[in-house]
Amino acid sequence: MSDTWKPSVTVAAIVPRQNGDRLEFLMIEETTPDGVRLNQAAGHLDPNESLEQAVIRETMEETAHEFVPEALIGTYMSKFISPNSGKEVTYLRFAFCGKVVAQHDRPLDHGILRALWMTYEEILACQEMHRSPLILKCLQDYLAGQRAPLDLMYTHPSVVSV
């Protein structure tokens, strides 16, 4: 019997803010095996956590901002093949939108160079730096008003119990 194929489950935070007449989004700049890349605060689902807990944790670790998810924008799947190693990974991304309620004075995760606020136009203009092809799709869906309530997702207590 062959092994069952499983995608890599990730979460991403779409965090908007109005800065005068500019709508900006919280982004991160990070070092990767393929060079410096731009991404939303995003990362892998860890054992013993819900998807909501994962996006809250990842946003704190990568941006030092306390994130409160308000809605699920969507679920997305993409395949990535590293140009350097040739390694292939399929990602299943759950993108959330919400707000930040505090910024903390703490170090960012290993490999994160900085958190920054960018407009959609600025993000669009540097696609060659995007870590994932899903960055723009998630932003476009957010801007189109696509939202699903968080209670659409259910995590059985056995997942988060230790």
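In the predicted model, strands β3 and β4 are paired in the antiparallel sense, with five bridges between them. The two strands form a hairpin, and two residues separate them. Within this pairing, E30 has R37 of β4 as its bridge partner. E30 also belongs to the lining of the largest pocket, where it is listed with N39, H44, Y91 and R131 as the residues closest to the pocket centre.

The largest pocket encloses about 700 Å³ of space. Its lining comprises 34 residues, of which ten are nonpolar, 14 polar and ten charged. Several secondary-structure elements supply at least two lining residues each, namely β1 (8-14), β3 (22-32), β4 (35-39), β5 (41-44), α1 (51-63), β6 (65-81) and β7 (88-103). Both strands of the β3-β4 hairpin are thus represented in the lining.

Strand β1 takes part in two pairings. With β7, the arrangement is parallel and involves seven bridges; S8 stands opposite Y91 of β7. With β5, the arrangement is antiparallel and involves four bridges; here T10 has H44 of β5 as its bridge partner. Y91 and H44 are both among the residues closest to the centre of the largest pocket. Strand β1 is mostly covered, six of its seven residues being buried.

Three residues of helix α1 were examined individually. T59 lies in this helix and is buried, with a relative accessible area of 0%. Apart from residues up to four places away in sequence, T59 touches A13, A41, A64, H65 and F67. The residue E62, also located in α1, has a relative accessibility of 5% and therefore counts as buried, the cut-off being under 20%. Its contacts beyond four places in sequence are with I28, Q40, A41, A42, L108, D109, I112 and A115. Of these partners, Q40 is 22 residues from E62 in sequence, and the two C-alpha atoms are 9.2 Å apart.

T63 is likewise placed in helix α1 and counts as buried, at 2% relative accessibility. With neighbours within four places in sequence left aside, T63 is in contact with L26, I28, A41, L108 and A115. I28, A41, L108 and A115 appear in the contact lists of both E62 and T63, and A41 is also touched by T59. An α-helix has 3.6 residues a turn, so residues three or four places apart point the same way. The C-alpha atoms of T63 and D3, residues that are 60 positions apart in sequence, are separated by 36 Å in space.

Positive phi values occur at loop positions on either side of α1. N48, in the loop between β5 and α1, has a phi near 65 degrees, a positive value in a residue other than glycine. N48 is partly exposed, with a relative accessibility of 44%. A64, in the loop between α1 and β6, has a positive phi of about 65 degrees and is not a glycine either. A64 is buried, its relative accessible area being 4%, and is one of the residues touched by T59. Most residues other than glycine have a negative phi.

Helix α3 spans residues 134-143 and is largely enclosed by the rest of the structure, because seven of its ten residues are buried. The buried positions are L134, I135, L136, C138, L139, D141 and Y142. The helix is followed by G145, which has a positive phi near 85 degrees.

The UniProt record, an unreviewed entry, assigns the feature "domain: Nudix hydrolase" to residues 4-141. Over these residues the chain is 19% helix and 52% strand. The C-alpha atoms at the two ends of this range are 31 Å apart.

Note on methods
Residues are numbered from 1 along each chain as its sequence is written. This is a predicted model: local features need pLDDT of at least 70, side-chain atom pairs count only at pLDDT 80 or more; totals for chains, interfaces and linings use all residues. Side-chain values use heavy atoms; hydrogens and water are left out. On a 1 Å grid over the protein atoms alone, a cavity is a set of points where a 1.4 Å probe fits but cannot get out, and a pocket is an open set with protein on both sides within 12 Å along at least five of seven lines; lining residues have an atom within 4 Å of a point. Grid points are joined across faces, edges and corners, and a volume is the space filled by probe spheres set on the points. Ala, Val, Leu, Ile, Met, Phe, Trp, Tyr, Cys and Pro count as nonpolar, Asp, Glu, Lys and Arg as charged, and the others, Gly among them, as polar. Buried means under 20% relative accessible area, exposed over 50%, partly exposed in between (1.4 Å probe, protein chains only). Contact means heavy atoms within 4.5 Å. Two strands pair if DSSP finds at least two bridges between them. UniProt positions are given in the numbering used here, feature names are shortened, and annotations may be inferred rather than shown by experiment.
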